[in-house]
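Student: Could we go through this structure together? I would like to learn where its labels come from.

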Amino acid sequence: DVDRTLLAGLHLQKRAADRAFTTADANRRLLEHGVKLGNPSQSVKQNLVAKRAFAVQRGRYRVAQTGLGHLEQLTGRRLADG
């Protein structure tokens, strides 16, 4: 769930004007694809603790470089912008 949340967050932040995502938006995006998380807030918190994401303001988060590297390692694909 933690990795799925991070991947959904990356997808959302790439499309957001402020390059950030919310827990609710990440959860909604995953539900649209049939993925139900046990505790979306806990998944975001675990990504924050692991320094794979960081808060840009209250309730809005951004995937960190370490998170991007983690996802690229998991997927075997380059996910960075560019």
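Tutor: Gladly! Let us begin with accessibility: a residue is buried under 20% relative accessible area, exposed over 50% and partly exposed in between, using a 1.4 Å probe and protein chains only. This is a predicted model, where local features need pLDDT of at least 70, side-chain atom pairs count only at pLDDT 80 or more, and totals for chains, interfaces and linings use all residues. Residues are numbered from 1 along each chain as its sequence is written, and side-chain values use heavy atoms, leaving out hydrogens and water.

Student: Why does glutamate 32 count as exposed?

Tutor: Its relative accessibility is 53%, and exposed means over 50%, so glutamate 32 earns the label.

Student: What makes glutamate 32 and arginine 29 a salt bridge?

Tutor: A salt bridge needs a side-chain nitrogen of Lys or Arg within 4 Å of a carboxyl oxygen of Asp or Glu. Here the closest N and O atoms are 2.8 Å apart, so the pair qualifies. By this rule there are four salt bridges. Another joins the side chains of arginine 60 and aspartate 18, at 2.7 Å from N to O. That pair links distant parts of the chain, 42 residues apart: arginine 60 is in strand β2 and aspartate 18 in the loop between α1 and α2. Helices (H or I, at least four residues) and strands (E, at least two) are DSSP runs, numbered from the N terminus.

Student: Why is arginine 60 called buried?

Tutor: Arginine 60 has 19% relative accessibility, and the buried class is under 20%, so buried is the right word. Its partner aspartate 18 has 32% and is partly exposed.

Student: Why is the pair of phenylalanine 21 and tyrosine 61 called tilted?

Tutor: Rings of Phe, Tyr and Trp (its six-membered ring) pair if their centres lie within 6.5 Å; planes under 30 degrees apart are stacked, over 60 edge-to-face, and the rest tilted. These two rings have centres 6.0 Å apart and planes at 50°, so they pair and are tilted. The structure holds one aromatic pair.

Student: How do you know that phenylalanine 21 is buried?

Tutor: Its relative accessibility is 3%, and the cut-off is under 20%, so phenylalanine 21 is buried. Phe21 is also among the residues with the most contacts inside the largest nonpolar core, which has 14 residues. A nonpolar core is a set of buried Ala, Val, Leu, Ile, Met, Phe, Trp, Tyr and Cys residues joined through side-chain atoms within 4.5 Å. The largest share of this core, three residues, comes from α1.
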